[in-house]
Amino acid sequence: MIQFGTLNTESQPAGNPLTQKVKEHIHVLILGSGPAGYTAAIYAARANLKPVLYQGLQAGGQLTTTTEVENFPGYPDGVTGPEMMVDLQKQAERFGTEVRWGLATATDFTGPKHKVWIDEDFLIEADAVIIATGATAKYLGLESEEKFKGSGVSACATCDGFFYRGQDVAVVGGGDTAAEEATYLAGLCRKVYLIVRKPYLRASKAMQDRVTRTANIEVLYEHVTKEIVGGQTVEGVILTNSKGEEVRKDITGFFVAIGHEPNSDIFAPYVDRDETGYIITVPGTTKTNVPGVFACGDVQDKHYRQAVTAAGSGCMAALDTERFLG
Ligand code: NDP
């Protein structure tokens with residue numbers, strides 16, 4: 001029986017998938033429009049692989065939710081995330097990539113040709129698929145968090161920490177990411193509050209040691225974020241402690257580091273993933289366990305998660321694809 005990976009239970013291919021006709025054959029199909037997807041597209045198009053790229057739910061990927069990008073090589077004066085993604089798209093199109101709106105909602109990687117459903121009922125068959133669907137940062141789900149996204153609330157300290165030099169900030173989370181982000185920010189900021197909901201950190205022992213050794217990090221155990229407050233930008237955070245009391249900390253930056261969700265569910269029946277959903281690639285390559293299916297960018301990288309590392313792995317995916325197709 002053919003199994004379908006789906007984004008959620010409502011995103012099954014419409015009608016009976018077994019009787020659906022392939023509507024289009026594509027040589028190289030790229031899923032995702034972040035730095036990984038567009039870089040794969042630039043290389044694939046220049047190699048005459050005629051790539052078609054579907055942008056997915058969030059055209060431009062995670063970078064479109066950030067403001068200034070100052071650490072991508074080649075932009076000495078910085079660039080905004082959305083501008084950079086427009087540049088990458090133009091560059092991919094210049095060499096012949098066809099960029100389309102649409103979301104991959106299901107897959108069937110059982111045959112030699114790879115089937116992908118776009119928007120539930122447009123069935124494509126591809127010789128090779130490059131998965132560059134990224135990861136989605138988890139947020140707390142507060143209204144105030146939504147309000148200040150891009151103006152004080154961020155899910156990436158490496159991207160945005162620089163804007164809070166010399167200021168007081170908070171990081172929420174107790175895992176390795178939160179510990180790493182707090183330590184990174186401590187090098188830039190005056191004071192970093194690490195807000196942890198449990199009485200302990202989940203982070204590795206080494207990361208915990210780094211946190212405790214850093215004088216300007218204050219860990220607030222058993223504190224839960226109630227609200228982020230401010231006018232145009234963030235001015236403070238209201239927390240609730242284990243006694244149920246409200247505590248206010250004055251901060252200008254609020255960094256959410258409670259984990260990421262790799263966008264890999266639709267590939268799950270065929271492509272090997274680790275226990276947290278990240279796609280497993282053969283070390284040093286972008287090859288998945290399915291011949292002709294490659295993965296690059298944040299969907300297979302939980303360690304670096306930078307635009308430039310995603311772009312680098314996008315390049316690798318295109319080169320691996322070119323070799324696969326011979
Ligand atoms: P994790 O899932 O490991 O940790 C998430 C943290 O956020 C937990 O402490 C969790 O709390 C907390 N959290 C979750 N939801 C909420 C919420 N609603 N409110 C408050 N706190 C919340 O995610 P990470 O991103 O830290 O790490 C993911 C993986 O990547 C891990 O395997 C990690 O080891 C790895 N990693 C490795 C790094 C390295 O080796 N340098 C760097 C970064 C990540 P609780 O503990 O209570 O569940």
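What follows is a set of questions and answers about this predicted model.

Q: Why do cysteine 156 and cysteine 159 count as a disulfide?
A: Their sulfurs sit 2.1 Å apart, and the cut-off is within 2.5 Å, so the pair qualifies as a disulfide. By that rule the count comes to 1 disulfide.

Q: What makes that disulfide right-handed?
A: It's the torsion: about the S-S bond of cysteine 156 and cysteine 159 it is about 75°, so the disulfide is called right-handed.

Q: Are cysteine 156 and cysteine 159 buried or partly exposed, and how do you know?
A: Buried means under 20% relative accessible area, and partly exposed runs from there up to 50%. Cysteine 156 comes in at 16%, so cysteine 156 is buried. Cysteine 159 comes in at 22%, so cysteine 159 is partly exposed.

Q: Why is there no bond from cysteine 296 to the closest cysteine sulfur?
A: That closest sulfur belongs to cysteine 315 and is 9.9 Å away, so it's too far for a bond. Looking from the other end, cysteine 315 has cysteine 296 as its closest cysteine sulfur, again at 9.9 Å and too far.

Q: What makes cysteine 296 and cysteine 315 buried?
A: Cysteine 296 has a relative accessible area of 0%, so cysteine 296 is buried. For cysteine 315 the value is 15%, which is also under the 20% limit, so cysteine 315 is buried.

Q: Why can strands E15 and E16 be called paired?
A: Pairing takes at least two bridges, and 6 bridges join E15 (residues 224–230) to E16 (residues 234–240), so they pair. The two run antiparallel, with valine 224 standing opposite threonine 240 in E16. They form a hairpin, with 3 residues between them.

Q: Which residues touch the most other members of the largest nonpolar core?
A: That would be Ile30, Tyr38, Met84 and Ile130, out of 29 residues in this core. Strand E2 (24–31), helix H1 (35–46), helix H2 (81–94), strand E9 (122–131) and helix H7 (307–325) each supply at least two of its residues. H1 gives the most, with 6 residues. Apart from this core lies another, of 22 residues, including Val116, Ile118, Tyr270 and Val271.

Q: What is isoleucine 30 in contact with, leaving aside neighbours within four places in sequence?
A: Isoleucine 30 is in contact with Gly37, Ala40, Ala41, Pro51, Val52, Leu53, Tyr54 and Ile130.

Q: What makes threonine 281 buried, and where does it lie?
A: Its relative accessibility is 15%, so threonine 281 counts as buried. Threonine 281 lies in the loop between strand E19 (260–262) and strand E20 (293–295).

Q: How do you know that threonine 281 makes a polar contact with glutamine 300?
A: The two side chains make that contact at 3.4 Å, and the limit is within 3.5 Å. Leaving aside neighbours within four places in sequence, threonine 281 is in contact with Gln300 and also with Thr286, Lys287 and Ala295.

Q: Which residues come nearest to the ligand?
A: Of the 14 residues around the ligand, the nearest are Gly174, Asp176, Thr177, Arg197 and Arg202.

Q: What makes the links from threonine 177, lysine 198 and glycine 175 to the ligand polar contacts?
A: A polar contact needs N or O atoms within 3.5 Å. A polar side-chain atom of threonine 177 is 2.5 Å from a ligand oxygen, and one of lysine 198 is 3.0 Å from a ligand oxygen. For glycine 175 a polar backbone atom is involved, 3.2 Å from a ligand oxygen.

Terms used: Residues numbered from 1 in each chain as written. Predicted model: local features only at pLDDT ≥ 70, side-chain atom pairs only at ≥ 80, totals over all residues. Heavy atoms only, no water. Core = buried A, V, L, I, M, F, W, Y, C linked by side-chain atoms within 4.5 Å. Buried < 20%, exposed > 50% of the residue type's maximum accessible area, 1.4 Å probe, protein only. Helix = DSSP H or I, 4+ residues; strand = E, 2+ residues; numbered from the N terminus. Contact = heavy atoms within 4.5 Å. Near = heavy atom within 4 Å. Polar contact = N/O pair within 3.5 Å; in protein donor to acceptor, adjacent residues only side chain to side chain.
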